[in-house]
Amino acid sequence: MKPLMSRWLLALTVAAATLVGLPSPARAAVFTPSSNPILFVHGWNSSASTWNTMISRFQADGWPSSHLRAFSYNTSQSNATTAQQVSQEVDKLLAATGATEVDIITHSMGALSSRYYLKNLASSGKVDRWVSLGGPNHGTSSANTCSSTACVEMRIGSTFLATLNAGGETPGAFVYGTWRSPCDGVINPVDSTILSGATNTQTACVLHTNLQNDATIYGQVRNFVNP
């Protein structure tokens with residue numbers, strides 16, 4: 001009876017961890033020498049600090065701090081301008097780690113500048129996998145209420161998005177993944193995030209501002225970038 005009781009207690013512990021969004025006690029750190037460093041790109045009216053929770057979870061799973069890079073940028077400027085900064089940050093991360101490729105994880109508008117980078121600036125293949133958490137990949141009506149260059153580019157039917165999505169939404173030899181929530185509240189319609197040629201995942205009811213903090217989404221993203 002003791003082995004059966006032990007298995008029963010472990011199952012209860014794992015189930016409880018799942019309910020409260022904590023990692024299972026049976027899961028070991030997943031970072032390996034072949035794991036790519038990760039660049040995080042935040043969204044509109046945000047900053048690098050939005051990634052603190054996700055970065056701490058990657059660190060708990062074995063990623064060195066040197067392999068996790070977040071940066072802040074002017075969210076009013078064109079996403080094409082931000083793409084130049086993404087390019088610079090990718091190069092800095094590669095130089096700091098000695099890696100040959102990085103993975104990119106984005107939230108909201110961060111999807112647009114990083115996709116512009118992949119399509120127009122990353123021909124040398126410096127990126128392996130790309131993630132969009134609630135990205136306005138086909139626009140959002142929420143952008144109609146602000147007027148900066150970046151907001152205009154996020155509007156449904158914008159010239160920027162038409163050009164970005166033309167000729168294939170997932171170009172290059174990169175692996176694309178998107179996550180969208182039915183309760184997003186900012187990306188309208190929520191299916192705007194979906195990209196043809198990507199692995200597209202619908203989450204549980206998670207607010208737009210919590211997509212990068214949700215424990216279940218973290219686990220899915222971690223496994224996607226570290227297969």
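1. Let me start with the second largest pocket, which holds about 280 Å³ of space. A pocket here is an open set of points on a 1 Å grid over the protein atoms alone, with protein on both sides within 12 Å along at least five of seven lines. Points are joined across faces, edges and corners, and the volume is the space filled by probe spheres set on them. Keep in mind that this is a predicted model: local features need pLDDT of at least 70 and side-chain atom pairs count only at pLDDT 80 or more, while totals for chains, interfaces and linings use all residues. Residues are numbered from 1 along each chain as its sequence is written, and side-chain values use heavy atoms, with hydrogens and water left out.

2. The lining of that pocket has 19 residues, and Trp44, Ser108, Met154, Val186 and His208 lie nearest the centre. By class, the lining splits into eight nonpolar, 11 polar and no charged residues. For the classes, Ala, Val, Leu, Ile, Met, Phe, Trp, Tyr, Cys and Pro are nonpolar, Asp, Glu, Lys and Arg are charged, and the others, Gly among them, are polar.

3. On the overall layout: the protein chain has seven helices and six strands. These are DSSP runs numbered from the N terminus, with helices being H or I of at least four residues and strands E of at least two. Along the sequence they come in the pattern α-β-α-β-α-β-α-β-α-α-β-β-α. Of the chain's 227 residues, 46% are buried, meaning under 20% relative accessible area; over 50% is exposed and anything in between is partly exposed (1.4 Å probe, protein chains only).

4. Now the sheet. The six strands make an open, parallel sheet with the order 2-1-3-4-5-6. At its edges sit strand 2 and strand 6 (199–202), each pairing on one side only. On average, neighbouring strands are turned by 15° against each other, direction ignored; the axes are lines fitted to C-alpha atoms, and angles run from 0 to 180 degrees between N-to-C directions. Two strands pair if DSSP finds at least two bridges between them.

5. Strand 4 is worth a look: six of its seven residues are buried. On one side, strand 4 pairs in the parallel sense with strand 3 (residues 102–107) over five bridges, and Thr106 has Ser132 of strand 4 as its bridge partner. Strand 4 also runs parallel to strand 5, again joined by five bridges, with Val131 partnered by Gly177 in strand 5. Further along, four bridges join strand 5 (residues 175–180) to strand 6; there Arg180 is matched with Gln202.

6. Salt bridges next. Six of them are counted, taking a side-chain nitrogen of Lys or Arg within 4 Å of a carboxyl oxygen of Asp or Glu. Arg69 and Glu89 form one, with the closest N and O atoms 2.5 Å apart. Arg69 lies in strand 2 (residues 68–71) and Glu89 in helix 3 (residues 79–97), so the pair ties together parts 20 residues apart in sequence. Arg69 counts as partly exposed because its relative accessibility is 27%, whereas Glu89, at 10%, counts as buried. Arg69, Glu89 and Lys92 are linked in a network of salt bridges.

7. A second long-range pair is Lys126 with Asp91, at 2.7 Å from N to O. Lys126 belongs to the loop between helix 4 (110–120) and strand 4 (127–133) and Asp91 to helix 3, so this salt bridge links distant parts of the chain, 35 residues apart. Both ends are partly exposed: Lys126 has 24% relative accessibility and Asp91 has 31%.

8. Which residue forms a salt bridge with Asp128? That would be Arg129, where the closest N and O atoms are 3.9 Å apart. Arg129 is buried, at 17% relative accessible area.

9. Last, the inside. There is one cavity of 30 Å³ or more, a cavity being a set of grid points where a 1.4 Å probe fits but cannot get out. The largest cavity holds about 40 Å³ of space. Its lining consists of Arg115, Leu118, Lys119, Leu164, Glu169, Pro171 and Tyr176, lining residues being those with an atom within 4 Å of a point. Helix 4 gives the most to this lining, with three residues. By class, the cavity lining has four nonpolar, no polar and three charged residues.
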